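This report examines helix packing, the contact between chains and the nonpolar core in one model. The structure is shown first, and the description follows.

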Amino acid sequence: MSAFWYYVFTLVFFLFDYFILAMGLNIQYGETGILNFAYIGFVAIGAYMTGVAGMPNAGTSGQHYILGLNLPFPINLIIGGLSASALAFLVALITLRRLRTDYLAMVLISLSLVLYDISNNFIPLFNGADGLYNVPEPFASALKLTTNSFVPFFAGVAGVVALILWFFMSRITRSPLGRTLRAIRDDPTVASALGKGVFRYQLTSMLVGSFYAGVGGGLLIQFGGSFNPTAWLPGETFVIFAVIIVGGVGNNVGMLVGALVVETLLIHLPAFLPAIPGHPGLIEYIDTMVIGVVLMIMLWFRPQGIVPERVRRSKFLLPDFAPSGGGAVIAPTGPAIPTEEAAGAGPPFFIEEKDV
Amino acid sequence: MAQFWLAFGFGLVTASVLAIAAVGLSLQFGITNYINFAYGDFMALGSYLTYEVNTSLLHWNVWIALVFGSLAMGVIAVLLNRFLLGPFARRFQRSFFVLIVTFGLSLIMLNVIYSIWGTNVRSYNMPIEQVLHIGPFLLTRNQLIVMAISVVLMVLVHVMLKTTRLGKSMRAMSDNTTLAMTSGIDTRRITTITWFLSGTLAGLAGTVLAITEGNLTPASGELFLFVIFAAVIVGGVGSIYGAMAGAVLIGLTTEVSAAFINPAYKLDIAFIILILTLLFRPSGLFARPERA
């Protein structure tokens, strides 16, 4: 297989993987309004746990890590996802009930740095700063895949996993649970006045979103075969925020578009540019700055993203009561959508628009 | 016991650096009511500006270069507020927008530093210090100067807040911006001055951090950021005196703990204190009740 297709399938893999990661962050921030600045920490836990669940016992390999369960592919991935959820449960228990948005963001970004610090220094856990390597490639021996044929194969696997997770996520966002989450995002006080247990729903959202983070991380470590602390400094969380904001907060299709624009076009494509002579790494630095600038421009000129969140209205809402703009009791307009967006959403009653 | 007092001495140094940084962050938070996640990179950029004047550009003495680096960082902070953060904060009601912009700004500034100065560890051009024995402590002359700077700054901030017109306006704005505006306080001007002070203190803290650590790296400010957050939250967000107290508490505990555990984890102790504070006194030690 030519190098060209190898790169193409690498890009396809990152597209699917960041689609999964973005869906996870979207349910936390986009649907529920939890500003999870530690998101990449959950991705990392998922990656490490998937790695050590799939790797053989550490005794002979020269690496130091816990577990070493030698479990086959889908099971280690699920363990990775569940570990991220378990961490999210602890974090949510301590922080969600007590802190308002910006304090929460401060504590979570600190958490992200502390997780980084610990995994970097505490070698028996996940091999310290060297990170895990020689992570087994799923099905590689069973299907006799070479390094070249593994890449398109695993891009396909990531696509299947992304499709399954997308199916579940679109069910969640369409369900009463999704509506409640958006109500909490738009106004937690109103939601709790209507008898919704805000904390319980936020916790649910954290657990589901972190599961997605863990699975995305698990795919990442199995695709690359290695994972170390430099892969998940807090700046990486910003990249995933960039994906969901550029794509369109609160819209699952937007996540795919955002992953395509930010992750594929802005991050991985410039990696193939030739380095500027005498300035190693300069392209990467400029690339990161470009992502920051693109995000700021996007926030200023099109805060609703490329694919804006759909305005959902209840079919029970009669035309007489239909508001001219958004912001009705049942029609959340989202954090980023100006009210006039609602005008273009079709007849103001008798629609329960389907999300995708 | 000797080891404890040694660590205690280092703790005082860390607390001094931390206090400067935490007060700078708190001042700005009190006025604008959002956290600046790029603060760690303000510190780093300030320390590199000092480095540039100290080593290659003008070969100034590091303490004079420090004044230049800090003031330059103050001016940069004012410009960033004028053209980037201020417009976002005024246009969008939800704090998320300006928070994510400061987060992005942090990434941009870090990569600007990488592009200009590279990833290498650098150090200031200053004479090698001999260690002085003062009571039970072992400190260098530089560390003593840093402590003195910090104490003087804390007194100055206190005097400014309590006695000057500017300080009273700042306290009024921090209590209630709308009410301050209707009382005839020029809130835009106060905001600009606050950003200048915050940026200056950030640049200063970044430089003295690099001086006490003996080297400067682009990411040092970012990794120090959560220790500042810990100090600010433990003291009570938005409270200047809380930030000072939090800095002393966090600075001393992290360094003293390093005498008993692996020093690689000493900063994580700050996070444990942060979590304990959240569990038992979420509004911080000195917070006003309405700010929880």
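In this predicted model, helix 9 (220-235) of chain B packs against helix 10 (residues 240-258) of chain B at an angle of about 125 degrees, and their axes lie 7 Å apart. Helix 9 of chain B is therefore oblique to helix 10 of chain B, since an angle that is neither under 35 degrees, nor over 145, nor from 65 to 115 counts as oblique. The crossing of helix 9 of chain B past helix 10 of chain B is right-handed.

On the side of helix 9 of chain B, the contact is formed by V227(B), A230(B), A231(B), V232(B), V234(B) and G235(B). Helix 10 of chain B contributes G242(B), A243(B), A245(B), G246(B), A247(B), L249(B) and I250(B). By class, the residues of this contact comprise ten nonpolar, three polar and no charged.

A second helix pair joins the two chains. Helix 10 (residues 235-247) of chain A and helix 4 (residues 95-117) of chain B also pack at about 125 degrees, with axes 10 Å apart. Helix 10 of chain A is therefore oblique to helix 4 of chain B. Here the crossing is left-handed. G235(A), F238(A) and F241(A) of helix 10 of chain A meet I100(B), F103(B), G104(B) and L107(B) of helix 4 of chain B. Five nonpolar, two polar and no charged residues make up this contact.

The two helix pairs are set out below.

| Helix pair | Angle | Axis separation |
|---|---|---|
| Helix 9 of chain B and helix 10 of chain B | about 125 degrees | 7 Å |
| Helix 10 of chain A and helix 4 of chain B | about 125 degrees | 10 Å |

The contact between the chains as a whole takes 34 residues from chain B and 32 residues from chain A. On the side of chain B that touches chain A, helix 4, helix 9 and helix 11 (266-280) of chain B each supply at least two residues. Helix 4 of chain B gives the largest share of that side, 14 residues. The residues on this side of chain B are divided into 28 nonpolar, four polar and two charged.

The largest nonpolar core has 191 residues, of which I228(B) and A230(B) touch the most other members. Helix 1 (residues 2-32) of chain B provides the largest share of this core, 15 residues. Leaving aside residues up to four places away in sequence, I228(B) touches L18(B), A21(B), A22(B), L25(B) and Y39(B). A230(B), for its part, also belongs to the contact of helix 9 of chain B with helix 10 of chain B.

How values were computed: Residues numbered from 1 in each chain as written. Chains lettered and ligands numbered in written order. Predicted model: local features only at pLDDT ≥ 70, side-chain atom pairs only at ≥ 80, totals over all residues. Axes fitted to C-alpha atoms, helices over the stretch in contact; angles between N-to-C directions. Helix = DSSP H or I, 4+ residues; strand = E, 2+ residues; numbered from the N terminus. Left-handed = near helix turned anticlockwise from the far one by under 90°. Contact = placed C-beta atoms within 7 Å. Nonpolar A, V, L, I, M, F, W, Y, C, P; charged D, E, K, R; others polar. Core = buried A, V, L, I, M, F, W, Y, C linked by C-beta atoms within 7 Å. Buried ≥ 20, exposed ≤ 12 C-beta atoms within 10 Å, placed from the backbone.
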